[in-house]
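Let's take a walk through this structure together, beginning with a small detail and ending with the chain as a whole. Please keep the viewer open as you read.

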Amino acid sequence: QVQLVESGGGLVQAGGSLRLSCSASRNIFSINYMGWYRQAPGNEREFVASIITSGSTNYRDSVKGRFTISRDNAKNTVYLQMNSLKPEDTAVYYCNAVQFGQGNYWGQGTQVTVSS
């Protein structure tokens, strides 16, 4: 199984930047899919960005051009670089990892708050 730990959240002014990190307990070469999701109070969890082993990425429309997902296999870590942050980006951000046919795992979440 895979354990995930997020870090890098915090309070930032609108227009600022944060970089989130998700550290996995095993080599992410063995993880087919890694993604970031977020959930604001009163809202459902929503997809933000993902990356697969080929390096192909996908983004929610509202973050395209502002957020970048990347992975470092040597460090067993996936990142989410968030630029030009907006108040509507405020949420708890969760890391997700999927091993096809094996398991679906979630981190504990990290809070991102963007002030207006």
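A polar contact is a pair of N or O atoms within 3.5 Å; within protein, one must be able to donate a hydrogen and the other to accept it, and residues adjacent in sequence count only if both atoms are side-chain atoms. One such contact, of 3.4 Å, joins the side chains of asparagine 73 and arginine 71. Before going on, please note that this is a predicted model, in which local features need pLDDT of at least 70 and side-chain atom pairs count only at pLDDT 80 or more, while totals for chains, interfaces and linings use all residues. Residues are numbered from 1 along each chain as its sequence is written, and side-chain values use heavy atoms, with hydrogens and water left out.

Where does asparagine 73 sit? You will find asparagine 73 in the loop between β7 (67–72) and β8 (77–82); strands (E, at least two residues) and helices (H or I, at least four) are DSSP runs, numbered from the N terminus. Asparagine 73 counts as partly exposed because its relative accessibility is 34%, where buried means under 20% relative accessible area, exposed over 50% and partly exposed in between (1.4 Å probe, protein chains only). Although 46 residues separate asparagine 73 from asparagine 27 in sequence, their C-alpha atoms are 6.7 Å apart in space. Leaving out residues up to four places away in sequence, asparagine 73 touches Asn27, Ile28 and Phe29, contact meaning heavy atoms within 4.5 Å.

Serine 50 offers a contrasting setting. This residue belongs to strand β5, and serine 50 counts as buried because its relative accessibility is 7%. Beyond its neighbours within four places in sequence, serine 50 is in contact with Tyr33, Met34, Gly35, Ser56, Thr57, Asn58 and Ile69.

Now look for the aromatic rings. Rings of Phe, Tyr and Trp (its six-membered ring) pair if their centres lie within 6.5 Å; planes under 30 degrees apart count as stacked, over 60 as edge-to-face and the rest as tilted. The structure holds two such pairs. In one of them, tyrosine 37 and phenylalanine 47 meet edge-to-face, 5.6 Å centre to centre with 75 degrees between the planes. Tyrosine 37 lies in strand β4 and phenylalanine 47 in strand β5, so this pair ties together parts that are ten residues apart in sequence. Tyrosine 37 is buried, with a relative accessible area of 15%. The ring centres of tyrosine 37 and tryptophan 106 are 5.1 Å apart with planes at 65 degrees, so this pair too is edge-to-face. Because tryptophan 106 lies in strand β10 (residues 103–106) and tyrosine 37 in β4, the pair ties together parts 69 residues apart in sequence. Tyr37, Phe47 and Trp106 form one aromatic cluster.

Next comes the nonpolar core, a set of buried Ala, Val, Leu, Ile, Met, Phe, Trp, Tyr and Cys residues joined through side-chain atoms within 4.5 Å. The largest has 30 residues, of which Leu4, Met34, Trp36, Leu80, Met82 and Tyr93 touch the most other members. At least two of this core's residues come from each of β3 (18–24), β4 (33–39), β5 (46–52), β7, β8, β9 (91–99) and β11 (110–115).

Finally, step back to the whole chain. The protein chain has eleven strands and zero helices. Buried residues make up 43% of its 116 residues.
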